[in-house]
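Welcome to a short set of exercises on reading a protein structure. Keep the picture at hand, try each task yourself, and then go through the solution.

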Amino acid sequence: MSTIITVAQRKGGVGKTTIAVCITAELARRGHGVALIDADPQRSASLWAEPGQLEFPVHEIGLGSDSISVWTRDVLSVQSELLVIDTAPNEREMGASIALANLILIPCTASGLDVEATAATLAIIAAVRARRRLPAKVILVPNRLDVRTLEGRQLVQELQTFGEMVAPAISARSAFVRSFATGQSVASFAPDEPADFEIRALADTVEDVLARP
Ligand SMILES: Nc1ncnc2c1ncn2[C@@H]1O[C@H](COP(=O)(O)OP(=O)(O)O)[C@@H](O)[C@H]1O
Ligand SMILES: [Mg+2]
(Lines give C-alpha, C1' and ligand atoms only; values in the text may rest on other atoms or scores of the structure.)
(Ligands and ions follow the chains in the order given, each with its own letter.)
Protein backbone atom coordinates (compact mmCIF):
# COMPACT_ATOMS: atom_id res chain seq x y z
CA MET A 1 0.00 0.00 0.00
CA SER A 2 1.38 3.44 -0.96
CA THR A 3 1.84 6.28 1.47
CA ILE A 4 -0.35 9.10 0.13
CA ILE A 5 0.39 12.81 0.36
CA THR A 6 -2.50 15.01 -0.77
CA VAL A 7 -1.97 18.68 -1.61
CA ALA A 8 -5.28 20.41 -0.99
CA GLN A 9 -6.73 23.85 -0.41
CA ARG A 10 -10.25 25.16 -0.94
CA LYS A 11 -8.89 28.15 -2.87
CA GLY A 12 -7.27 28.09 -6.33
CA GLY A 13 -4.02 29.79 -7.26
CA VAL A 14 -2.31 29.22 -3.90
CA GLY A 15 0.44 26.95 -5.21
CA LYS A 16 -1.02 23.45 -4.90
CA THR A 17 0.34 22.29 -8.26
CA THR A 18 3.67 24.07 -7.77
CA ILE A 19 4.20 22.46 -4.37
CA ALA A 20 2.92 19.05 -5.54
CA VAL A 21 5.34 18.96 -8.50
CA CYS A 22 8.34 20.32 -6.59
CA ILE A 23 7.92 18.14 -3.50
CA THR A 24 7.45 15.04 -5.69
CA ALA A 25 10.66 15.87 -7.57
CA GLU A 26 12.58 16.33 -4.33
CA LEU A 27 11.26 13.06 -2.85
CA ALA A 28 12.29 11.30 -6.09
CA ARG A 29 15.76 12.89 -5.85
CA ARG A 30 16.06 11.46 -2.32
CA GLY A 31 15.53 7.98 -3.70
CA HIS A 32 11.85 7.45 -2.88
CA GLY A 33 9.68 5.67 -5.42
CA VAL A 34 7.13 8.40 -6.03
CA ALA A 35 4.43 9.23 -8.59
CA LEU A 36 2.19 12.27 -8.95
CA ILE A 37 -1.55 11.88 -9.44
CA ASP A 38 -3.12 14.81 -11.27
CA ALA A 39 -6.70 14.80 -10.00
CA ASP A 40 -7.49 18.33 -11.19
CA PRO A 41 -9.58 18.60 -14.40
CA GLN A 42 -7.55 21.75 -15.19
CA ARG A 43 -4.59 19.37 -15.76
CA SER A 44 -1.90 21.84 -14.62
CA ALA A 45 0.45 19.10 -13.36
CA SER A 46 -0.02 17.10 -16.58
CA LEU A 47 0.78 20.22 -18.61
CA TRP A 48 3.88 20.75 -16.46
CA ALA A 49 4.95 17.17 -17.30
CA GLU A 50 4.24 17.48 -21.04
CA PRO A 51 7.78 18.54 -22.13
CA GLY A 52 9.01 15.28 -20.56
CA GLN A 53 11.49 16.90 -18.17
CA LEU A 54 10.09 15.69 -14.82
CA GLU A 55 11.96 12.95 -12.98
CA PHE A 56 8.82 11.02 -11.96
CA PRO A 57 5.62 9.76 -13.61
CA VAL A 58 2.46 11.91 -13.63
CA HIS A 59 -0.85 10.03 -13.90
CA GLU A 60 -3.91 11.97 -14.94
CA ILE A 61 -6.77 10.52 -12.88
CA GLY A 62 -9.62 13.01 -12.70
CA LEU A 63 -12.72 12.25 -10.67
CA GLY A 64 -15.13 13.79 -13.20
CA SER A 65 -18.46 12.02 -13.13
CA ASP A 66 -16.92 8.76 -11.86
CA SER A 67 -17.99 7.41 -8.52
CA ILE A 68 -15.53 8.06 -5.72
CA SER A 69 -14.97 4.32 -5.29
CA VAL A 70 -13.96 3.90 -8.97
CA TRP A 71 -11.62 6.91 -8.75
CA THR A 72 -10.12 5.58 -5.49
CA ARG A 73 -9.51 2.17 -7.08
CA ASP A 74 -7.78 3.83 -10.07
CA VAL A 75 -5.52 5.91 -7.80
CA LEU A 76 -4.62 2.92 -5.62
CA SER A 77 -3.78 0.84 -8.72
CA VAL A 78 -0.68 3.03 -9.26
CA GLN A 79 2.23 1.07 -7.82
CA SER A 80 4.58 3.37 -5.93
CA GLU A 81 6.07 3.73 -2.44
CA LEU A 82 4.69 7.28 -2.27
CA LEU A 83 1.85 8.95 -4.18
CA VAL A 84 1.39 12.71 -4.23
CA ILE A 85 -2.12 13.87 -5.26
CA ASP A 86 -2.62 17.33 -6.75
CA THR A 87 -6.27 18.26 -6.28
CA ALA A 88 -8.94 20.57 -7.63
CA PRO A 89 -10.27 23.09 -5.13
CA ASN A 90 -13.85 21.77 -5.09
CA GLU A 91 -15.32 19.93 -2.16
CA ARG A 92 -16.09 16.55 -3.79
CA GLU A 93 -12.62 16.12 -5.30
CA MET A 94 -10.89 17.39 -2.18
CA GLY A 95 -12.95 15.07 0.03
CA ALA A 96 -12.02 12.04 -2.10
CA SER A 97 -8.30 12.92 -2.07
CA ILE A 98 -8.25 13.76 1.63
CA ALA A 99 -9.98 10.47 2.50
CA LEU A 100 -6.99 8.57 1.02
CA ALA A 101 -4.27 10.73 2.52
CA ASN A 102 -1.73 9.80 5.19
CA LEU A 103 -0.49 13.39 5.04
CA ILE A 104 -2.19 16.55 3.76
CA LEU A 105 -0.21 19.61 2.69
CA ILE A 106 -2.25 22.83 2.67
CA PRO A 107 -0.57 25.71 0.83
CA CYS A 108 -1.64 29.15 1.96
CA THR A 109 -0.64 32.60 0.71
CA ALA A 110 -0.86 35.93 2.51
CA SER A 111 -4.40 36.96 1.74
CA GLY A 112 -7.28 37.08 4.19
CA LEU A 113 -9.27 34.91 1.80
CA ASP A 114 -6.65 32.16 1.95
CA VAL A 115 -6.88 32.00 5.73
CA GLU A 116 -10.66 31.61 5.43
CA ALA A 117 -10.20 28.93 2.77
CA THR A 118 -7.69 27.17 5.06
CA ALA A 119 -10.33 27.07 7.80
CA ALA A 120 -12.79 25.59 5.25
CA THR A 121 -10.17 23.01 4.16
CA LEU A 122 -9.51 22.03 7.78
CA ALA A 123 -13.27 21.63 8.31
CA ILE A 124 -13.41 19.14 5.38
CA ILE A 125 -10.42 17.31 6.90
CA ALA A 126 -12.11 17.21 10.32
CA ALA A 127 -15.22 15.66 8.74
CA VAL A 128 -13.11 13.01 6.97
CA ARG A 129 -11.04 12.35 10.11
CA ALA A 130 -14.22 11.75 12.11
CA ARG A 131 -15.14 8.87 9.76
CA ARG A 132 -11.68 7.25 9.75
CA ARG A 133 -9.74 5.10 12.12
CA LEU A 134 -6.32 6.35 11.05
CA PRO A 135 -5.78 10.07 11.58
CA ALA A 136 -4.36 12.00 8.62
CA LYS A 137 -1.46 14.29 9.44
CA VAL A 138 -1.64 17.93 8.32
CA ILE A 139 1.07 20.46 7.43
CA LEU A 140 0.18 24.06 6.58
CA VAL A 141 2.61 25.47 4.00
CA PRO A 142 3.00 29.27 3.85
CA ASN A 143 3.62 29.92 0.15
CA ARG A 144 4.56 32.81 -2.15
CA LEU A 145 5.64 34.72 0.95
CA ASP A 146 7.19 38.16 0.87
CA VAL A 147 8.77 38.68 4.27
CA ARG A 148 9.28 42.36 3.41
CA THR A 149 5.54 42.89 3.75
CA LEU A 150 3.57 42.99 6.97
CA GLU A 151 1.06 40.48 5.47
CA GLY A 152 3.91 38.08 4.78
CA ARG A 153 5.19 38.21 8.34
CA GLN A 154 1.68 37.94 9.78
CA LEU A 155 0.72 34.89 7.71
CA VAL A 156 2.98 32.49 9.60
CA GLN A 157 1.67 33.74 12.96
CA GLU A 158 -1.89 33.48 11.71
CA LEU A 159 -1.37 29.91 10.46
CA GLN A 160 0.06 28.93 13.84
CA THR A 161 -3.30 29.73 15.46
CA PHE A 162 -4.91 26.74 13.65
CA GLY A 163 -3.05 24.32 15.94
CA GLU A 164 -1.59 22.29 13.04
CA MET A 165 2.07 21.99 12.08
CA VAL A 166 3.38 24.91 9.99
CA ALA A 167 6.19 24.16 7.49
CA PRO A 168 9.12 26.49 6.84
CA ALA A 169 7.82 29.18 4.47
CA ILE A 170 8.27 29.18 0.70
CA SER A 171 8.99 32.64 -0.73
CA ALA A 172 7.62 34.34 -3.81
CA ARG A 173 10.32 33.52 -6.37
CA SER A 174 10.34 33.71 -10.14
CA ALA A 175 12.15 30.33 -10.24
CA PHE A 176 8.83 28.64 -9.37
CA VAL A 177 7.01 30.39 -12.23
CA ARG A 178 9.82 29.78 -14.72
CA SER A 179 10.28 26.14 -13.81
CA PHE A 180 6.64 25.57 -14.81
CA ALA A 181 7.26 27.37 -18.11
CA THR A 182 10.21 25.06 -18.88
CA GLY A 183 8.47 21.91 -17.62
CA GLN A 184 11.12 21.28 -14.96
CA SER A 185 11.05 21.00 -11.19
CA VAL A 186 12.91 23.81 -9.36
CA ALA A 187 15.51 21.21 -8.35
CA SER A 188 16.55 20.82 -11.98
CA PHE A 189 15.69 24.35 -13.20
CA ALA A 190 17.48 26.20 -10.38
CA PRO A 191 19.60 23.68 -8.44
CA ASP A 192 21.21 24.97 -5.24
CA GLU A 193 19.32 28.24 -5.52
CA PRO A 194 17.02 29.58 -2.78
CA ALA A 195 13.82 28.08 -4.28
CA ASP A 196 15.49 24.64 -4.33
CA PHE A 197 16.63 25.03 -0.69
CA GLU A 198 13.11 25.98 0.37
CA ILE A 199 11.65 22.86 -1.26
CA ARG A 200 14.35 20.75 0.41
CA ALA A 201 13.37 22.22 3.80
CA LEU A 202 9.74 21.33 3.09
CA ALA A 203 10.81 17.79 2.10
CA ASP A 204 12.74 17.49 5.41
CA THR A 205 9.52 18.35 7.27
CA VAL A 206 7.48 15.90 5.16
CA GLU A 207 9.97 13.05 5.74
CA ASP A 208 10.05 13.84 9.49
CA VAL A 209 6.29 13.79 9.81
CA LEU A 210 5.92 10.59 7.76
CA ALA A 211 8.55 8.86 9.91
CA ARG A 212 6.58 9.57 13.10
CA PRO A 213 4.22 6.87 14.38
N1 LIG B 1 6.35 30.38 -4.29
C2 LIG B 1 5.92 30.93 -5.43
N3 LIG B 1 6.55 32.02 -5.94
C4 LIG B 1 6.12 32.59 -7.10
N5 LIG B 1 5.08 32.15 -7.82
C6 LIG B 1 4.41 31.08 -7.35
C7 LIG B 1 4.78 30.40 -6.15
N8 LIG B 1 3.93 29.36 -5.97
C9 LIG B 1 3.07 29.38 -7.01
N10 LIG B 1 3.34 30.40 -7.84
C11 LIG B 1 2.63 30.79 -9.08
O12 LIG B 1 1.27 31.07 -8.72
C13 LIG B 1 0.39 30.60 -9.73
C14 LIG B 1 -0.60 29.60 -9.12
O15 LIG B 1 0.14 28.47 -8.66
P16 LIG B 1 -0.44 26.99 -8.81
O17 LIG B 1 0.60 26.07 -8.28
O18 LIG B 1 -0.94 26.75 -10.19
O19 LIG B 1 -1.68 27.09 -7.80
P20 LIG B 1 -2.97 26.12 -7.62
O21 LIG B 1 -2.56 24.76 -8.09
O22 LIG B 1 -3.28 26.18 -6.16
O23 LIG B 1 -4.07 26.71 -8.44
C24 LIG B 1 1.26 29.97 -10.83
O25 LIG B 1 1.48 30.95 -11.81
C26 LIG B 1 2.56 29.66 -10.09
O27 LIG B 1 3.68 29.69 -10.95
MG1 LIG C 1 -3.40 23.49 -9.50
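**Exercise 1. Helix 9**

How many Å should the 18 residues of helix 9 (residues 194-211) span at 1.5 Å a residue, and how far apart are its end C-alpha atoms?

Before starting, note that this is a predicted model, in which local features need pLDDT of at least 70 and side-chain atom pairs count only at pLDDT 80 or more, while totals for chains, interfaces and linings use all residues. Residues are numbered from 1 along each chain as its sequence is written, and chains are lettered from A and ligands numbered from 1 in the order in which they are written.

Step 1. Helices (H or I, at least four residues) and strands (E, at least two) are DSSP runs, numbered from the N terminus.

Step 2. The expected span of a helix is 1.5 Å times one less than its number of residues. For helix 9 the expected span is 26 Å, and its end C-alpha atoms are 26 Å apart, which agrees.

Step 3. Now sort the residues. A residue is buried if 20 or more other C-beta atoms lie within 10 Å of its own, exposed if 12 or fewer, and partly exposed in between, with C-beta atoms placed from the backbone. In helix 9 the buried ones are Ala195, Asp196, Glu198, Ile199, Leu202, Ala203 and Val206. Looking down the axis of helix 9, these buried residues fall within an arc of 160° (taken from the directions from the helix axis to the C-beta atoms), so they line one face of the helix. Asp208 and Ala211, on the other side of helix 9, are exposed.

Step 4. Contact is counted when the C-beta atoms of two residues, placed from the backbone, lie within 7 Å. The cover over the buried residues of helix 9 includes strand 1 (3-7), helix 1 (16-29) and strand 5 (103-108).

**Exercise 2. The core**

Which residues have the most contacts inside the largest nonpolar core?

Step 1. A nonpolar core is a set of buried Ala, Val, Leu, Ile, Met, Phe, Trp, Tyr and Cys residues joined through C-beta atoms within 7 Å. The largest one has 63 residues, and Ile23, Val84 and Val141 have the most contacts inside it. Helix 1 gives the most to this core, with 8 residues.

Step 2. Look at helix 1 itself. Of its 14 residues, 13 are buried, so helix 1 is largely enclosed by the rest of the structure.

Step 3. Follow the contacts of Val141. Leaving aside neighbours within four places in sequence, they include Ile19, Leu105, Ala167 and Leu202.

Step 4. Turn to Leu105, which belongs to strand 5. Leu105 is buried, with 27 other C-beta atoms within 10 Å. Its C-alpha atom is 6.0 Å from that of Val138, although the two are 33 residues apart along the chain.

**Exercise 3. Two loop residues**

Is Arg144 buried or exposed, and is Asp192 buried or exposed?

Step 1. Arg144 sits in the loop between strand 6 and helix 6 (150-160). With 23 C-beta neighbours inside 10 Å, Arg144 counts as buried.

Step 2. Asp192 is found in the loop between helix 8 and helix 9. Asp192 has 8 other C-beta atoms within 10 Å, so it is exposed.

Step 3. Check the backbone angles. Most residues other than glycine have a negative phi. Arg144, not a glycine, has a positive phi of about 55°. Asp192 also has a positive phi, near 60°.
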